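Work through these exercises with the sequence and the model side by side. Try each task before reading its solution.

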Amino acid sequence: MSSLQIALLLLLCVITYPFVIGMEWLIRARGLKKVYAMEVTDEQYRREQRNALFGTPIHPAVIAAAVLAGALRLAPETVFNVLLTFAITFVWTEVYHYAQHRAMHLRRLHFMHKEHHRSRITNSWTSISFSFWEEFFFAVGIVGFLAMVSQFLPLSFYGIVAWYLLYFSTNTLGHANVEINAPGYHDSFFGKIFTTSAYHAMHHARYVGNYGLLTVFMDRLCGTEWADSPEVQTRAAQGHGLTALMERFDTPADAGASASATPQSRN
Ligand SMILES: [Zn+2]
Ligand SMILES: [Zn+2]
């Protein structure tokens with residue numbers, strides 16, 4: 001591996017900390033609007049910060065292992081290869097994250113996901129608070145697939161790093177429990193594609209539904225999107241944060257659709 005590749009992997013080991021600390025500072029400095037107007041306890045902050053110490057470096061460690069073992073074959077770093085690798089990684093992670101996330105809500109696999117869900121009201125630190133096994137299988141699922149693809153189509157190292165930078169930054173915002181988009185965002189062009197902070201905050205508060213990562217496509221395809229996601233986003237953006245974990249705004253008919261999101265177990 002080149003010294004630049006090693007430097008980028010080391011950057012991925014620590015980049016989440018400035019993202020998280022910067023986001024928490026921004027929230028306080030700007031007084032950003034909360035999705036759930038509810039407090040996070042000091043105990044939760046301490047627990048999440050302990051988890052954060054080991055979580056993020058798992059991803060660059062798995063990438064390094066795959067490259068050094070020759071399993072992840074790298075292509076020349078051209079603009080085309082960077083963009084193609086980024087696109088392949090983006091699409092795969094939307095599908096894989098959704099499948100892993102749904103699987104971890106099943107009784108037998110929920111032990112991996114339980115730690116992340118101890119945070120019913122999220123904050124930026126929640127974005128890097130996972131059990132070892134959840135983080136490990138997420139990294140192996142991403143890098144393992146890319147290694148397979150690279151046997152036929154060598155991939156760009158920078159393209160993979162670029163996706164991780166997008167993921168770490170947006171995942172910080174996704175857990176920040178603040179809504180930065182305008183009211184009615186869900187009806188906009190980008191709102192019909194990408195998730196919001198409110199979207200994932202609802203998953204933590206209600207424990208089910210809205211499983212998607214950066215886009216809403218997998219939830220729409222599988223019928224697991226909360227029907228009142230647009231209403232919650234708009235209320236949050238207007239400064240009317242929710243005040244109870246199970247507060248809902250969907251109609252009885254919508255609630256029936258949302259029931260498909262119910263997992264087999266929460267334990
Ligand atoms: Zn979950
Ligand atoms: Zn989460």
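**Exercise 1. Describe the overall fold.**
Task: State how many helices and strands the protein chain has, and in what pattern they follow.

Solution. This is a predicted model. Begin with the order of elements: along the sequence, the protein chain reads α-α-α-α-α-α-α-α-α-α-α-α. The count is 12 helices and 0 strands.

Next, take the dimensions. Along the principal axes, the C-alpha atoms fill a box of roughly 55 × 40 × 35 Å. Then test the chain against a compact globule. For 267 residues, such a globule would have a radius of gyration near 18 Å; the protein chain has 19 Å, which agrees.

Finish with burial and contacts. Of the 267 residues, 40% count as buried. Take the contacts between residues at least 6 apart in sequence: 77% of them join residues at least 24 apart.

**Exercise 2. Analyse a helix pair.**
Task: Find the angle at which α4 and α7 pack, and the handedness of their crossing.

Solution. Two packed helices are described by the angle between their axes and the distance between the axes. Locate the pair: α4 spans residues 58-68 and α7 spans residues 132-152. The angle is about 35 degrees, and the axes are 9 Å apart. The crossing is right-handed.

Now list the residues that make the contact. From α4 come I58, H59, V62, I63 and A66. From α7 come E135, F136, A139, V140, V143 and A147. Sort them by type: 9 are nonpolar, 1 is polar and 1 is charged.

**Exercise 3. Map the nonpolar cores.**
Task: Identify which helix supplies the largest share of the largest nonpolar core.

Solution. In soluble globular proteins, nonpolar side chains tend to be buried together. Here the largest nonpolar core has 22 residues. Those touching the most other members are I63, A66, V143, L146, I160 and V161. Then trace the suppliers: α1 (3-14), α4, α7 and α8 (157-174) each give at least two residues. The largest share is 7 residues, and it comes from α8.

Check one member by its contacts. Beyond its neighbours within four places in sequence, V161 is in contact with L8 and L12. There is also a second, separate core of 21 residues, which includes F19, I128, A198 and A201.

**Exercise 4. Place a loop residue.**
Task: Decide whether A71 is buried, exposed or partly exposed, and name its contacts.

Solution. Find the position: A71 is in the loop between α4 and α5 (79-104). Count its surroundings: 15 other C-beta atoms lie within 10 Å. Burial needs 20 or more, and exposure 12 or fewer. A71 is therefore partly exposed.

Leaving aside neighbours within four places in sequence, A71 is in contact with A66 and A147. Compare sequence with space for A71 and V143. They are 72 residues apart in sequence, yet 9.5 Å apart in space, C-alpha to C-alpha.

**Exercise 5. Examine two asparagines.**
Task: For N177 and N210, work out the loop, the phi and the burial class.

Solution. Take N177 in the loop between α8 and α9 (197-206). Its phi is positive, about 60 degrees, although N177 is not a glycine. N177 has 28 C-beta neighbours inside 10 Å, so it counts as buried.

Repeat for N210, in the loop between α9 and α10 (217-222). Its phi is also positive, about 50 degrees, and N210 is not a glycine. N210 has 24 C-beta neighbours inside 10 Å, so it counts as buried.

Technical notes:
Residues numbered from 1 in each chain as written. Chains lettered and ligands numbered in written order. Predicted model: local features only at pLDDT ≥ 70, side-chain atom pairs only at ≥ 80, totals over all residues. Axes fitted to C-alpha atoms, helices over the stretch in contact; angles between N-to-C directions. Helix = DSSP H or I, 4+ residues; strand = E, 2+ residues; numbered from the N terminus. Left-handed = near helix turned anticlockwise from the far one by under 90°. Contact = placed C-beta atoms within 7 Å. Nonpolar A, V, L, I, M, F, W, Y, C, P; charged D, E, K, R; others polar. Rg over C-alpha atoms; globule rule 2.2 N^0.38 Å. Core = buried A, V, L, I, M, F, W, Y, C linked by C-beta atoms within 7 Å.
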